[in-house]
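Reader: I should be grateful for a close look at one part of this predicted model, namely its largest nonpolar core. Which residues touch the most other members, and what surrounds them?

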Amino acid sequence: MDDTKRYERLLDRYRNGDIDRRSFLGLIGAAGLAYGVVSPMGRYARAQDVSQVRFDGWGGVVSQAFRELAFNPYEAKTGIKVVDGTFGGADEYLSRVKASQPGEFNIAHLSGVFDYARYADLGLASELNEDNIPNLDLVIPKLVEVLRNYTNGSLSAVPYDYGTTGIAYNKDQISEEEAKEKGASLLIDEAYKGKIGGWSDWRTRIWMAALQTGQDPNDIQDMDAVWDAIRTHRDLALKYWTSGAELMSLLAEGEIYTTEGWSGRIYALQDQGHPIGYVDPENGYGWQECLFVPKGSPMEACEELLNFMLEPEVAIAVAEGQSYPPSLDPQKVDLGEKIPNLPAFDPTGTLDGLTFANPAYWNGNEQEWSKTFGRIQKGY
Amino acid sequence: MATVEARERRQPWILLSPALAAVTLLLFVPLLFIVVYSFWLRTATGADVVGFHLDNWQEALTDPFYRDILLFTLKIAAITTIVCGLMGYPAAYFIARAGGNRALLLLLLMLPFWISYIIRTMSWINILGVSGALNSMLLWLGIVDEPLQLLYNQTTVVLGLVHFLLPFMILNVYVSLEGIDRTLEQAANSLGATRWQSFLEVTLPLSLPGLAAGGLLCFVLSAGTYITPLVLGGPTDAMFANLVFEAIITQLNWPLGSALSLMLLAVLGVLVAIYNHFVGMSQLAKGFG
């Protein structure tokens, strides 16, 4: 049975109610991942049965969604081991890919157009055959175009979900009115000294500092003011967090009252009953996540997987599991009841309300800004 | 006869060869790669430029940023070592003089090694956090009205390092104390010395090599730590290993990261050389068993 028929039969069983959603996701998720995984000996192994697969993602509730909804049932039914790696950020993952053999890493749940561009600049971009991914037509055009524009019209990834990095706050300590009024400036409010957190990511810190100094994050004119705002935040902050799990822990335990945060993680905290509010300030940091296929991966099989992962039933179920809206266009696909209530969801499908990082602009400054931020972060 | 002698000469090398091969392949060859890498350059996109360039070394050696973080790292390592020494010596002395309970105490000393270092480090968050065990107890006893902010500062970094390294210090001092002939103390006492005087004049000087070995281990391990400042430190508590991580992972600047890691290696290497000159490496081996 070829890949397409296997996927179609599985989808039919799900639509007919023969298998539940968890089992369905488990089977397709890991089955798809199996295509993407190769070892340094992958070119030889591809000719044989897959015994182990690898997927790299963000950990925490996101990986939990993949693990619980996809990998566990898949392993139980097929006996194929799924190696689901995690990373703290795309920088870290890039280092691993750089140190690996071509094709050793296959599918990554990467964030942001910025990372897509960075990977492409390093020569890691593959070229997907879009004829093999008809479900790409269901994806919000803006999400696709921003990727396509960077790789000269071709694609190395399909957009899979999107979200925002907005301002999270403890509702017991900070009112919604205050959070909305102050926006990103809440993070440099002396009243909360020692109770402020922040992601140790130079892009996010500069983005927030641009908002705090009233500048366009994609066209910063006064970098000195930005660095000063970052220093102010540093001196008021208790902790720079380095992972989503740490972000959630700091907020949930009351160690900090406010920080910027990822919309899905904050939704997960709210879902757990923690008194955490979330606001997207004007020009808040919008981003998308994509399923990126590095050069050297078995393309045809990966394209099959990507197309299947974009089937509405699959994409919606995974989106509900990880609390980020799927990349599917709500004007073309009925996204159900839960998705429209997720933070950052745009019912119009235009995403006009979100500001994405201009990859050329941010990449062009990456070397200097990341280094400068590293110094300021440590007290300079 | 000559054949027998030649075989006896070869025998130690034959026995050593697996270990030598492992050290060569897993330590010296990777180290050589790092040395080579340190002379390369990084382009704006993160790609490497192969060649022989001194830029990274010039930056690492002349930029006050790296010097200051290195000095801060050495300061934290020194404080950790002193605290470990002050806490570890009495504990080691107690174990060495514990008689029949010694085996149990040594077992208890080894217990923390059964738990991951990262888990042990993170456990302090549950102890010292705003809603952690200590604050909960203080609130319950009515000693404080508001939870104290105890985490994410230099003190918690040192605390985490001491928690990690104290057993190394105790073991080294214990081995040294165990090797001291108890009749020397008795002789000092019989000559009129008090117990305190016999400790100061006899036991302490003879146990100093163990204290030095423990101190060296604590210093080197804490100076190279990465996890503890990341988990328990505040915004400005980064140590030198965090710079290496940042250069390699965040900035994708492997050449600069290589130069920085070699710089730290050189500083710690000098320290080990000084130790070897005055004390000798054989004392370290005793501490390991």
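Author:
**The largest nonpolar core and its setting**

In this predicted model, the largest nonpolar core comprises 162 residues, of which Tyr116(A), Ala157(A), Val158(A) and Leu260(B) touch the most other members. The element that gives the most to this core is helix H7 of chain B, residues 154-178, with 16 residues. Within chain A, both domain 1 (3-162 + 287-356) and domain 2 (164-286) give residues to this core, and it therefore lies between them.

Tyr116(A) merits individual attention. When its neighbours within four places in sequence are left aside, Tyr116(A) is in contact with Leu110(A), Leu147(A), Tyr150(A), Ala157(A), Cys290(A) and Phe292(A). One of these partners, Ala157(A), is itself among the residues that touch the most other core members. As a general matter, nonpolar side chains in soluble globular proteins tend to be buried together.

The two domains of chain A are assigned as 3-162 + 287-356 for domain 1 and 164-286 for domain 2. Their contact takes 19 residues from domain 1 and 21 residues from domain 2 of chain A. On the domain 1 side, helix H4 (60-78) and strand S10 (355-356) of chain A each supply at least two residues. By class, that side holds twelve nonpolar residues, seven polar and no charged.

The side of chain A that touches chain B may be described in the same manner. Here 26 residues of chain A are in contact with 23 residues of chain B. Helix H5 (90-98), helix H6 (112-121), strand S6 (237-241) and helix H15 (359-377) of chain A each supply at least two residues of the chain A side. The largest share, six residues, comes from H15(A). That side of chain A has six nonpolar, nine polar and eleven charged residues.

As for the chains themselves, chain A has 15 helices and ten strands. Of its 380 residues, 55% count as buried. Among the contacts in chain A with a separation of 6 or more, 75% are accounted for by residues 24 or more positions apart. In chain B, an unreviewed UniProt entry carries the annotation "domain: ABC transmembrane type-1" over residues 70-275. Over that stretch chain B is 77% helix and 0% strand, and the end C-alpha atoms are 20 Å apart.

Methods:
Residues are numbered from 1 along each chain as its sequence is written. Chains are lettered from A and ligands numbered from 1 in the order in which they are written. This is a predicted model: local features need pLDDT of at least 70, side-chain atom pairs count only at pLDDT 80 or more; totals for chains, interfaces and linings use all residues. A nonpolar core is a set of buried Ala, Val, Leu, Ile, Met, Phe, Trp, Tyr and Cys residues joined through C-beta atoms within 7 Å. A residue is buried if 20 or more other C-beta atoms lie within 10 Å of its own, exposed if 12 or fewer, and partly exposed in between; C-beta atoms are placed from the backbone. Helices (H or I, at least four residues) and strands (E, at least two) are DSSP runs, numbered from the N terminus. Domain bounds come from an automatic or database domain assignment. Two residues are in contact if their C-beta atoms, placed from the backbone, lie within 7 Å. Ala, Val, Leu, Ile, Met, Phe, Trp, Tyr, Cys and Pro count as nonpolar, Asp, Glu, Lys and Arg as charged, and the others, Gly among them, as polar. UniProt positions are given in the numbering used here, feature names are shortened, and annotations may be inferred rather than shown by experiment.
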